[in-house]
Amino acid sequence: MSWRNELLAVWAVTLRNALMGARNVFFFFELLFWPIVGVLSIGLMSRFLELTAAQASFVLVGTIALSVVNVCQLEVAYAVLLDVWSKSLKHQFLAPIGIRHLTLGSWIVGMVRSLAVFVLLAALGRWAFGFRVLQPGWLPLATFLLGCFLTAWVVGVAVCALITLFGNRAEAFAWASVNLVLVLAGIYYPISVLPDAIAVVARAVPLTYFLDAYRAHYGFESEFRAPIATGLALSALYAALAHWAFLAAIQRARRTGLLLKMSE
Amino acid sequence: MLAIDAQDVEKTFRSGWPRRRETAALRGVSLTVARGAIVGVLGPNGAGKTTLLSILATLLTPDRGRVTVLGHDVVREAGALRRRLNMVSGRPSFLWSLRVGEIIAFYGRLYGVSGNALRRRVDSLIELCELVPYRRIPYSDLSTGLKQRVALAKALVNEPELLFLDEPTLGLDPDVAARVRTHIARLRREQGITIVLTTHYMREADELCDEIAFIKAGRILARGTSGELKRQIRLGEVIALKLDPARVPWLAESPGVLRCVEVDGWVECTVDEAENRLPELLRALHAKGIVIRNVQVREPELEEVFVELAK
């Protein structure tokens, strides 16, 4: 396949997801409602508990990260979910499309949408709770967002693989399992407070390291020696694994007939 | 030159846990299709028609057998093959919020068409499939017939050399179905596309197909032109007579007559060979003083072949 065709296929998916998102009122709801509710409730709780400004920043960073990752990973999962819901999966896989086109195209839309959510939540955090996302500077912020986007990509592709492997009945299980892993990643607390067995899981989540690196700029000592490098290395490893799992799931679905069943 | 060369294709579906159920969908199917031909795959529900088409279209991998489509192995060279074929299914479904033009354009981009070429392709397909007034209508707001036409437009977006039509007129009004059949015939005539179609409508198969393969329980039981199939299973020919008096019970006992039935005031006698039996029957009727008001000779309908083979 030529580079032109590669880019065109990615663009086709990007445009499709953007159009679907722009026309669905529920997509808009999930884009704004839950993230705003999250920041307001956590921010107000931190005020009630009389947390210091640094402590409030700690939990708000986690809340915003969770929203950014959730919105972006949901969009990546739409690479398959939109076609599963509309029963058009077989048309998609009848075309010369690879999972790289599907996931990259969806990820681009996911990054744009979650960046919009981030800007909104950052503005809300500043206005309501005096929280400054730019306090660490542009580069740490960009690295933090990159970490969120990479984690979202891994999670979204993992959801795609699970759904393609077990059918749309596995949808709820897929969401629950990946969100559980995210919550373990020190969203609201340092992972040092977790029981040892759970802390091992948290240490395996890339987002843990990006949160750690970003929070260090708010006065919290880093728990890891090279958090950004570790986060990037883990992201690369999981991205490769998730891609392979999704590819294997598609091949299995072609073998078992699940690809056709999900289109009926 | 062959568009499809499938030999001894087997496919078994496994389901259930912990007790696994196995369903043999294809049990050694062999099928060859010449380039530019329209071949119909007929058979009762669950016969394996859709499974066969799905394997040929790379949506399903075979368990055993060798399948070459347009010179490509369907498993090892599926990527290259997908650029050259397309498919329409009986109950098409696309993303609900996308408009007609956007759906066709989306798939066009996946096949590497862009810019002005894409705009021209989308315009011409919308015109060909009579979708001009519906171009900006979301897919979810379309009627069944219009959805089928969108599916046909989408299937032509890559100018395929081979087109699979899985029940293309299922659930359509007769006039819409007739228009879809006209499109299909025109595609072969004007563009030389090879077409493999499955259908439950015998008239459709009779009208469109150069050849018909009859599949049942995962095996191809018979294959040939519509006429060859009718001769192959020896259904005989039908001599329809309008007589006065209308009822002549002894006709069924005449030599060479296989059976006689009364249909709408006609006596339809199925005979082994109409050419020899017709003069004999006419002479016998005349000798008994029975008035012959009308006579027609016809081959059995393809539907009768289907019923016979499906038994």
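In what sense do β7(B) and strand β8 of chain B pair, and over how many bridges? I began my entries with this point. The two strands, β8 being residues 194–198, pair in the parallel sense over five bridges. I noted that the model is a predicted one.

**Entry 1: the six-stranded sheet of chain B**

I followed the strands outward from that pair. They belong to an open sheet of six strands in chain B, ordered β6-β7-β8-β3-β9-β10, and the pairing is mixed. I recorded β6 and β10 (219–224) of chain B as the edge strands, since each pairs on one side only. On average, neighbouring strands of this sheet are turned by 15° against each other, direction ignored.

For the register of β7(B) against β8(B), I noted that Leu165(B) stands opposite Leu197(B) in β8(B). I then looked up the helices on this sheet. Helix α5 of chain B (residues 144–155) packs on the sheet and touches β6 and β7 of chain B. The direction of α5(B) makes about 175° with that of β6(B). Helix α6 of chain B (residues 174–191) also packs on the sheet. This helix touches β3 (38–42), β7 and β8 of chain B, and its direction makes about 155° with that of β8(B).

**Entry 2: strand β6 of chain B**

Next I examined the edge strand β6(B). It pairs with β7(B) (residues 162–166) in the parallel sense over five bridges. I found Leu85(B) opposite Leu162(B) in β7(B).

How many of the five residues of β6(B) are buried? I counted five of the five, so the strand is largely enclosed by the rest of the structure. In a regular strand, side chains alternate between the two faces of the sheet. In β6(B), Leu85(B), Met87(B) and Ser89(B) point one way, and Asn86(B) and Val88(B) point the other way. All of these residues are buried.

**Entry 3: the contact between the chains**

I turned to the contact, which takes 26 residues from chain A and 25 residues from chain B. On the side of chain B that touches chain A, the elements giving two or more residues are α2 (78–82), β6 (85–89) and α3 (100–110) of chain B. Which element gives the largest share of that side? I recorded α3(B), with five residues. By class, this side of chain B has 13 nonpolar, eight polar and four charged residues.

**Entry 4: the four-stranded sheet of chain B**

I then traced an open sheet of four strands in chain B, with the order β2-β1-β4-β5 and antiparallel pairing. At its edges stand β2 (21–34) and β5 (72–73) of chain B. Each has a single partner strand, so one side of each is left without a neighbour in the sheet.

Strand β1 of chain B (residues 2–15) pairs with β2(B) in the antiparallel sense over 11 bridges. I noted that Lys11(B) stands opposite Leu26(B) in β2(B). Helix α1 of chain B (residues 49–56) lies across β1, β2 and β4 (64–69) of chain B, and runs at about 120° to β1(B).

I selected Val67(B), in strand β4 of chain B, for a closer look. Is Val67(B) buried or exposed? I found 22 other C-beta atoms within 10 Å; the cut-off for a buried residue is 20 or more, so Val67(B) is buried. Leaving aside neighbours within four places in sequence, its contacts are Ala6(B), Val9(B), Ile55(B), Leu56(B), Pro62(B) and Val74(B). I also looked up the separation of the C-alpha atoms of Val67(B) and Arg277(B), which is 47 Å for residues 210 apart along the chain.

**Entry 5: the two chains overall**

For chain A, I counted 11 helices and zero strands. The C-alpha trace of chain A spans about 55 × 40 × 35 Å along its principal axes. A compact globule of 264 residues would have a radius of gyration near 18 Å, and the 19 Å of chain A agrees. I recorded 49% of its 264 residues as buried.

Helix α6 of chain A (residues 138–166) has 29 residues. From first C-alpha to last, α6(A) reaches 42 Å, close to the 42 Å expected at 1.5 Å a residue. Just after this helix, Gly167(A) takes a positive phi of about 90°.

For chain B, I counted 10 helices and 14 strands. Its C-alpha trace spans about 80 × 50 × 45 Å along the principal axes. Buried residues make up 41% of the 311 residues in chain B.

Technical notes
Residues numbered from 1 in each chain as written. Chains lettered and ligands numbered in written order. Predicted model: local features only at pLDDT ≥ 70, side-chain atom pairs only at ≥ 80, totals over all residues. Rg over C-alpha atoms; globule rule 2.2 N^0.38 Å. Buried ≥ 20, exposed ≤ 12 C-beta atoms within 10 Å, placed from the backbone. Contact = placed C-beta atoms within 7 Å. Nonpolar A, V, L, I, M, F, W, Y, C, P; charged D, E, K, R; others polar. Pairing = 2+ DSSP bridges. Expected span 1.5 Å × (residues − 1). Axes fitted to C-alpha atoms, helices over the stretch in contact; angles between N-to-C directions.
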